[in-house]
Amino acid sequence: MANHIEELKNAIVELEADKVISSVKAGLEEEANPMDMVEGLQAGMVEIGNRFAKGEYFLSELIMSGEIMKNAMALIEPKLAGLEQEYKGNIVIGTVKGDIHDLGKNIVIMLLKGSGYNVIDLGVDVPAEKFIEAVKEHEAPLLAMSVLLTGCQDPMKDTIKAVRDAGLNDVKVLIGGNYIDEKVKEYCGADYFGTTADEGVKVANQVFGA
Ligand code: B12
(Lines give C-alpha, C1' and ligand atoms only; values in the text may rest on other atoms or scores of the structure.)
Protein backbone atom coordinates (compact mmCIF):
# COMPACT_ATOMS: atom_id res chain seq x y z
CA MET A 1 0.00 0.00 0.00
CA ALA A 2 2.83 2.40 0.93
CA ASN A 3 4.16 1.80 -2.60
CA HIS A 4 0.92 3.09 -4.06
CA ILE A 5 1.15 6.32 -2.11
CA GLU A 6 4.77 6.82 -3.16
CA GLU A 7 3.79 6.05 -6.77
CA LEU A 8 1.00 8.61 -6.53
CA LYS A 9 3.34 11.27 -5.16
CA ASN A 10 5.94 10.65 -7.87
CA ALA A 11 3.34 10.60 -10.64
CA ILE A 12 1.92 14.00 -9.69
CA VAL A 13 5.40 15.49 -9.26
CA GLU A 14 6.20 14.38 -12.81
CA LEU A 15 2.77 15.66 -14.00
CA GLU A 16 1.81 12.22 -15.31
CA ALA A 17 -1.94 12.78 -15.30
CA ASP A 18 -2.96 9.31 -16.54
CA LYS A 19 -0.72 7.58 -14.01
CA VAL A 20 -2.15 9.67 -11.15
CA ILE A 21 -5.70 8.72 -12.11
CA SER A 22 -4.89 5.02 -12.57
CA SER A 23 -3.06 4.97 -9.20
CA VAL A 24 -6.01 6.58 -7.45
CA LYS A 25 -8.41 4.10 -9.07
CA ALA A 26 -6.18 1.18 -8.05
CA GLY A 27 -6.00 2.55 -4.51
CA LEU A 28 -9.76 2.88 -4.30
CA GLU A 29 -10.23 -0.65 -5.60
CA GLU A 30 -7.85 -1.94 -2.94
CA GLU A 31 -9.72 0.11 -0.34
CA ALA A 32 -6.68 2.16 0.58
CA ASN A 33 -7.28 4.84 3.20
CA PRO A 34 -8.44 7.85 1.12
CA MET A 35 -6.67 10.25 3.49
CA ASP A 36 -3.36 8.47 2.81
CA MET A 37 -3.90 9.08 -0.90
CA VAL A 38 -4.66 12.75 -0.25
CA GLU A 39 -1.47 13.02 1.80
CA GLY A 40 0.54 11.39 -1.02
CA LEU A 41 -0.86 13.88 -3.52
CA GLN A 42 -0.26 16.76 -1.14
CA ALA A 43 3.37 15.74 -0.61
CA GLY A 44 3.72 15.77 -4.39
CA MET A 45 2.24 19.28 -4.57
CA VAL A 46 4.77 20.48 -1.98
CA GLU A 47 7.60 19.12 -4.17
CA ILE A 48 6.02 20.84 -7.20
CA GLY A 49 6.03 24.08 -5.19
CA ASN A 50 9.71 23.56 -4.37
CA ARG A 51 10.54 23.03 -8.04
CA PHE A 52 8.56 26.18 -8.90
CA ALA A 53 10.47 28.14 -6.25
CA LYS A 54 13.79 26.87 -7.67
CA GLY A 55 12.80 27.86 -11.21
CA GLU A 56 12.65 24.23 -12.40
CA TYR A 57 8.89 24.43 -12.95
CA PHE A 58 6.93 27.39 -14.29
CA LEU A 59 3.38 28.68 -13.93
CA SER A 60 2.15 26.30 -16.64
CA GLU A 61 3.33 23.35 -14.52
CA LEU A 62 1.63 24.79 -11.43
CA ILE A 63 -1.62 25.11 -13.36
CA MET A 64 -1.28 21.60 -14.73
CA SER A 65 -0.62 20.17 -11.26
CA GLY A 66 -3.73 21.95 -9.98
CA GLU A 67 -5.84 20.36 -12.71
CA ILE A 68 -4.43 16.88 -12.06
CA MET A 69 -5.03 17.29 -8.32
CA LYS A 70 -8.61 18.41 -8.95
CA ASN A 71 -9.35 15.36 -11.13
CA ALA A 72 -7.78 13.02 -8.57
CA MET A 73 -9.75 14.63 -5.74
CA ALA A 74 -13.01 14.24 -7.69
CA LEU A 75 -12.46 10.47 -7.50
CA ILE A 76 -11.44 10.47 -3.82
CA GLU A 77 -14.06 12.96 -2.58
CA PRO A 78 -17.00 10.53 -2.26
CA LYS A 79 -14.90 8.37 0.06
CA LEU A 80 -13.98 11.33 2.26
CA ALA A 81 -17.41 12.82 2.64
CA GLY A 82 -18.67 9.81 4.60
CA LEU A 83 -22.28 9.16 5.42
CA GLU A 84 -25.04 11.73 5.60
CA GLN A 85 -25.95 12.69 9.12
CA GLU A 86 -27.71 15.45 10.99
CA TYR A 87 -25.76 18.72 10.82
CA LYS A 88 -23.77 19.69 13.90
CA GLY A 89 -23.80 23.35 12.81
CA ASN A 90 -22.94 25.91 10.15
CA ILE A 91 -19.40 26.84 9.14
CA VAL A 92 -18.57 29.58 6.63
CA ILE A 93 -15.33 29.09 4.70
CA GLY A 94 -13.44 30.80 1.90
CA THR A 95 -9.98 31.61 0.58
CA VAL A 96 -8.93 35.06 1.67
CA LYS A 97 -8.92 38.09 -0.65
CA GLY A 98 -6.02 38.08 -3.12
CA ASP A 99 -5.52 34.31 -2.95
CA ILE A 100 -7.04 31.87 -5.43
CA HIS A 101 -5.61 28.58 -4.10
CA ASP A 102 -8.52 26.31 -3.28
CA LEU A 103 -7.43 22.67 -3.43
CA GLY A 104 -6.53 22.57 0.27
CA LYS A 105 -9.68 24.44 1.27
CA ASN A 106 -11.75 21.93 -0.67
CA ILE A 107 -10.20 19.06 1.28
CA VAL A 108 -10.98 20.84 4.55
CA ILE A 109 -14.58 21.22 3.37
CA MET A 110 -14.85 17.53 2.50
CA LEU A 111 -13.61 16.48 5.93
CA LEU A 112 -15.88 18.95 7.71
CA LYS A 113 -18.87 17.72 5.70
CA GLY A 114 -17.87 14.15 6.45
CA SER A 115 -17.81 15.07 10.15
CA GLY A 116 -21.39 16.31 9.99
CA TYR A 117 -21.07 20.07 9.46
CA ASN A 118 -23.03 22.21 7.02
CA VAL A 119 -20.30 24.09 5.18
CA ILE A 120 -21.01 27.30 3.28
CA ASP A 121 -18.22 27.65 0.73
CA LEU A 122 -17.66 31.20 -0.54
CA GLY A 123 -14.94 30.18 -2.99
CA VAL A 124 -11.69 32.05 -3.53
CA ASP A 125 -10.50 35.68 -3.39
CA VAL A 126 -13.28 36.43 -0.93
CA PRO A 127 -13.67 40.05 0.23
CA ALA A 128 -14.41 40.81 3.90
CA GLU A 129 -18.00 41.94 3.18
CA LYS A 130 -18.86 38.57 1.67
CA PHE A 131 -17.60 36.73 4.77
CA ILE A 132 -19.56 39.08 7.04
CA GLU A 133 -22.75 38.70 5.00
CA ALA A 134 -22.54 34.90 5.02
CA VAL A 135 -21.78 34.64 8.75
CA LYS A 136 -24.81 36.82 9.49
CA GLU A 137 -27.11 35.03 7.05
CA HIS A 138 -26.24 31.56 8.30
CA GLU A 139 -25.67 32.56 11.93
CA ALA A 140 -22.43 30.62 11.74
CA PRO A 141 -20.50 30.24 15.00
CA LEU A 142 -17.32 29.42 13.05
CA LEU A 143 -15.66 31.29 10.20
CA ALA A 144 -12.76 29.53 8.49
CA MET A 145 -10.30 31.11 6.11
CA SER A 146 -7.74 29.47 3.89
CA VAL A 147 -4.54 31.16 2.75
CA LEU A 148 -1.40 29.95 0.99
CA LEU A 149 0.21 33.23 -0.03
CA THR A 150 2.38 34.84 2.63
CA GLY A 151 1.51 38.19 1.04
CA CYS A 152 -2.13 37.68 2.05
CA GLN A 153 -1.58 37.99 5.80
CA ASP A 154 -2.67 41.61 5.80
CA PRO A 155 -5.92 41.00 3.87
CA MET A 156 -6.61 38.23 6.40
CA LYS A 157 -5.91 40.56 9.31
CA ASP A 158 -8.13 43.25 7.73
CA THR A 159 -10.91 40.72 7.15
CA ILE A 160 -10.87 39.64 10.80
CA LYS A 161 -10.90 43.28 11.92
CA ALA A 162 -13.87 43.96 9.60
CA VAL A 163 -15.71 40.95 11.05
CA ARG A 164 -15.19 42.29 14.58
CA ASP A 165 -16.08 45.85 13.51
CA ALA A 166 -19.35 44.47 12.12
CA GLY A 167 -20.22 43.44 15.68
CA LEU A 168 -19.59 39.74 15.10
CA ASN A 169 -17.65 39.30 18.30
CA ASP A 170 -18.87 35.82 19.19
CA VAL A 171 -17.98 34.14 15.90
CA LYS A 172 -14.78 32.13 16.24
CA VAL A 173 -12.24 32.64 13.47
CA LEU A 174 -10.07 29.77 12.24
CA ILE A 175 -7.28 30.43 9.75
CA GLY A 176 -5.54 27.63 7.90
CA GLY A 177 -2.84 26.91 5.37
CA ASN A 178 0.52 25.21 5.28
CA TYR A 179 2.59 28.16 6.52
CA ILE A 180 0.27 29.35 9.27
CA ASP A 181 1.58 29.20 12.83
CA GLU A 182 0.87 30.71 16.23
CA LYS A 183 2.70 33.91 15.25
CA VAL A 184 0.56 34.45 12.13
CA LYS A 185 -2.55 33.64 14.15
CA GLU A 186 -1.63 36.29 16.72
CA TYR A 187 -0.72 38.83 14.03
CA CYS A 188 -4.05 38.39 12.26
CA GLY A 189 -6.14 38.25 15.42
CA ALA A 190 -7.64 34.83 14.73
CA ASP A 191 -8.91 32.49 17.46
CA TYR A 192 -7.50 29.27 16.03
CA PHE A 193 -5.18 28.06 13.32
CA GLY A 194 -4.67 24.79 11.50
CA THR A 195 -2.10 23.52 9.05
CA THR A 196 -3.95 20.39 8.00
CA ALA A 197 -7.53 19.53 7.18
CA ASP A 198 -7.96 17.28 10.21
CA GLU A 199 -6.80 20.08 12.51
CA GLY A 200 -9.71 22.06 11.07
CA VAL A 201 -12.10 19.30 12.09
CA LYS A 202 -10.59 19.22 15.59
CA VAL A 203 -11.15 22.98 15.97
CA ALA A 204 -14.73 22.66 14.70
CA ASN A 205 -15.43 19.89 17.19
CA GLN A 206 -14.03 22.09 19.95
CA VAL A 207 -16.09 25.14 18.91
CA PHE A 208 -19.31 23.13 18.55
CA GLY A 209 -18.61 20.97 21.60
CA ALA A 210 -19.02 17.90 19.40
C1 B12 B 1 -1.22 24.33 -7.21
C2 B12 B 1 -0.61 25.67 -6.89
C3 B12 B 1 -1.12 26.78 -7.56
C4 B12 B 1 -2.34 26.70 -8.48
C5 B12 B 1 -3.61 26.68 -7.57
C6 B12 B 1 -4.74 25.87 -8.16
C7 B12 B 1 -5.89 25.79 -7.19
N8 B12 B 1 -7.06 25.59 -7.75
O9 B12 B 1 -5.77 25.87 -5.98
C10 B12 B 1 -2.20 28.04 -9.31
C11 B12 B 1 -1.49 27.74 -10.60
C12 B12 B 1 -3.50 28.76 -9.63
C13 B12 B 1 -1.27 28.85 -8.41
C14 B12 B 1 -1.10 30.21 -8.56
C15 B12 B 1 -0.15 30.94 -7.86
N16 B12 B 1 0.74 30.46 -6.96
CO17 B12 B 1 0.66 28.66 -6.22
N18 B12 B 1 1.01 26.94 -5.65
C19 B12 B 1 0.44 25.80 -5.92
C20 B12 B 1 1.16 24.67 -5.14
C21 B12 B 1 2.14 23.98 -6.07
C22 B12 B 1 0.30 23.61 -4.50
C23 B12 B 1 -0.81 24.11 -3.58
C24 B12 B 1 -1.78 22.98 -3.31
O25 B12 B 1 -2.84 22.92 -3.93
N26 B12 B 1 -1.36 22.01 -2.47
C27 B12 B 1 -2.15 20.81 -2.19
C28 B12 B 1 -3.17 21.10 -1.10
C29 B12 B 1 -3.98 19.85 -0.79
O30 B12 B 1 -2.45 21.46 0.07
P31 B12 B 1 -2.62 22.85 0.79
O32 B12 B 1 -3.15 23.85 -0.17
O33 B12 B 1 -1.39 23.17 1.53
O34 B12 B 1 -3.80 22.60 1.84
C35 B12 B 1 -3.62 21.87 3.05
C36 B12 B 1 -3.14 22.73 4.22
O37 B12 B 1 -2.51 23.91 3.83
C38 B12 B 1 -4.36 22.96 5.04
N39 B12 B 1 -5.25 24.07 4.75
C40 B12 B 1 -5.43 24.82 3.64
N41 B12 B 1 -6.43 25.69 3.81
C42 B12 B 1 -6.91 25.51 5.07
C43 B12 B 1 -7.95 26.13 5.75
C44 B12 B 1 -8.23 25.73 7.07
C45 B12 B 1 -9.34 26.41 7.79
C46 B12 B 1 -7.46 24.69 7.68
C47 B12 B 1 -7.74 24.28 9.07
C48 B12 B 1 -6.43 24.06 6.98
C49 B12 B 1 -6.17 24.48 5.68
O50 B12 B 1 -5.11 21.78 4.86
C51 B12 B 1 -5.01 21.38 3.47
C52 B12 B 1 -5.23 19.90 3.39
O53 B12 B 1 -4.45 19.21 4.33
C54 B12 B 1 1.87 25.50 -4.01
C55 B12 B 1 3.08 24.84 -3.35
C56 B12 B 1 2.93 24.68 -1.85
N57 B12 B 1 4.00 24.31 -1.18
O58 B12 B 1 1.88 24.90 -1.27
C59 B12 B 1 2.16 26.83 -4.75
C60 B12 B 1 2.35 28.12 -3.96
C61 B12 B 1 1.37 28.22 -2.82
N62 B12 B 1 2.02 29.13 -4.98
C63 B12 B 1 2.81 30.16 -4.93
C64 B12 B 1 2.75 31.27 -5.80
C65 B12 B 1 3.88 32.29 -5.69
C66 B12 B 1 1.70 31.42 -6.74
C67 B12 B 1 1.49 32.60 -7.70
C68 B12 B 1 1.75 33.99 -7.11
C69 B12 B 1 2.34 32.33 -8.96
C70 B12 B 1 2.36 33.43 -9.99
N71 B12 B 1 3.56 33.91 -10.23
O72 B12 B 1 1.34 33.83 -10.51
C73 B12 B 1 0.00 32.43 -8.07
C74 B12 B 1 -0.92 33.16 -7.07
C75 B12 B 1 -2.32 33.31 -7.55
C76 B12 B 1 -3.18 33.87 -6.43
N77 B12 B 1 -3.53 35.13 -6.50
O78 B12 B 1 -3.52 33.15 -5.50
C79 B12 B 1 3.83 30.06 -3.80
C80 B12 B 1 3.47 30.95 -2.61
C81 B12 B 1 4.71 31.57 -2.00
C82 B12 B 1 4.40 32.53 -0.92
N83 B12 B 1 5.40 32.72 -0.08
O84 B12 B 1 3.36 33.10 -0.78
C85 B12 B 1 3.83 28.50 -3.54
C86 B12 B 1 4.18 28.12 -2.09
C87 B12 B 1 4.87 27.89 -4.53
C88 B12 B 1 6.30 28.30 -4.20
N89 B12 B 1 7.04 27.49 -3.46
O90 B12 B 1 6.73 29.35 -4.64
N91 B12 B 1 -0.63 28.06 -7.50
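Two residues count as in contact here if their C-beta atoms, placed from the backbone, lie within 7 Å. Keep that in mind, everyone, while we start at helix 9. The buried residues of helix 9 pack against strand 1 (90-95), helix 5, strand 3, strand 4 and strand 5 (192-194). Those buried residues are Ala197, Gly200, Val203 and Ala204. They sit on the same side of helix 9, because the arc they cover around the axis is only 140 degrees or less, 115 degrees to be exact. Let me correct myself on that arc: drop the 140, since the figure for helix 9 is 115 degrees. Just after helix 9, Gly209 takes a positive phi of about 60 degrees.

I should also say that what you have on screen is a predicted model.

Now let's step back to the overall layout. The protein is divided into domain 1 (2-81) and domain 2 (90-207). Taken over C-alpha atoms, the centres of the two domains are 25 Å apart. Eight residues from domain 1 and seven residues from domain 2 make the contact. On the side of domain 1 that touches domain 2, helix 4 gives the most, with seven residues. By character, that side of domain 1 has five nonpolar residues, one polar and two charged.

On to the ligand, which I suspect is what many of you came for. Which residues come nearest to it? Of the 39 residues around the ligand, those are Gly49, Gly104, Gly176, Gly194 and Gly200. The elements giving two or more residues to this shell are helix 3 (34-53), helix 4 (59-81), helix 5 (103-114), strand 3 (142-146), strand 4 (172-176) and helix 9 (197-207). Gly200 deserves a second look: it is among the residues nearest the ligand, and it is also one of the buried residues of helix 9.

How does the shell divide by residue character? There are 18 nonpolar residues, 17 polar and four charged. Both domains take part, with at least three residues of the shell drawn from each of domain 1 and domain 2. The largest share, seven residues, comes from helix 3.

So helix 3 is our next stop. Helix 3 has 20 residues, and from its first C-alpha to its last it reaches 29 Å. That is close to the 28 Å expected at 1.5 Å a residue. Which of its residues are buried? They are Pro34, Met37, Val38, Gly40, Leu41, Gly44, Met45 and Ile48. Looking down the axis of helix 3, these buried residues fall within an arc of 160 degrees, so they line one face of the helix. On the other side of helix 3, Val46, Asn50 and Ala53 are exposed. Just after the helix, Gly55 takes a positive phi of about 80 degrees.

Helix 7 makes a nice companion. It covers residues 153-165, and its 13 residues should span 18 Å at 1.5 Å a residue. The end C-alpha atoms are indeed 18 Å apart, which agrees. The buried residues in helix 7 are Pro155, Met156, Thr159, Ile160 and Val163. They lie on the same side of helix 7, because they cover an arc of only 140 degrees around the axis. What covers them includes helix 6 (128-138), strand 3, strand 4 and helix 8 (182-188). Just after helix 7, Gly167 has a positive phi of about 85 degrees.

Those phi values were all on glycines, so what about other residues? Most residues other than glycine have a negative phi. Two positions here are worth a click in your viewer. Leu15, in the loop between helix 1 and helix 2 (17-29), has a positive phi near 60 degrees. Asp125, in the loop between strand 2 (118-121) and helix 6, has a positive phi near 55 degrees.

Are these two buried or exposed? Neither label quite fits. A residue needs 20 or more other C-beta atoms within 10 Å to be buried, and 12 or fewer to be exposed. Leu15 has 17 C-beta neighbours inside 10 Å, so it counts as partly exposed. Asp125 also has 17 such neighbours, and therefore counts as partly exposed as well.

One last residue before coffee: Glu7, which sits in helix 1 (residues 2-13). With 18 other C-beta atoms within 10 Å, Glu7 is partly exposed. The C-alpha atoms of Glu7 and Val92 are separated by 35 Å, and the two residues are 85 residues apart along the chain.

That's my tour. Thanks for listening, and I'm happy to turn the model around for anyone who wants another look.

Notes:
Residues numbered from 1 in each chain as written. Predicted model: local features only at pLDDT ≥ 70, side-chain atom pairs only at ≥ 80, totals over all residues. Near = placed C-beta within 6 Å. Helix = DSSP H or I, 4+ residues; strand = E, 2+ residues; numbered from the N terminus. Nonpolar A, V, L, I, M, F, W, Y, C, P; charged D, E, K, R; others polar. Domains from an automatic or database assignment. Expected span 1.5 Å × (residues − 1). Arc of directions from axis to C-beta.
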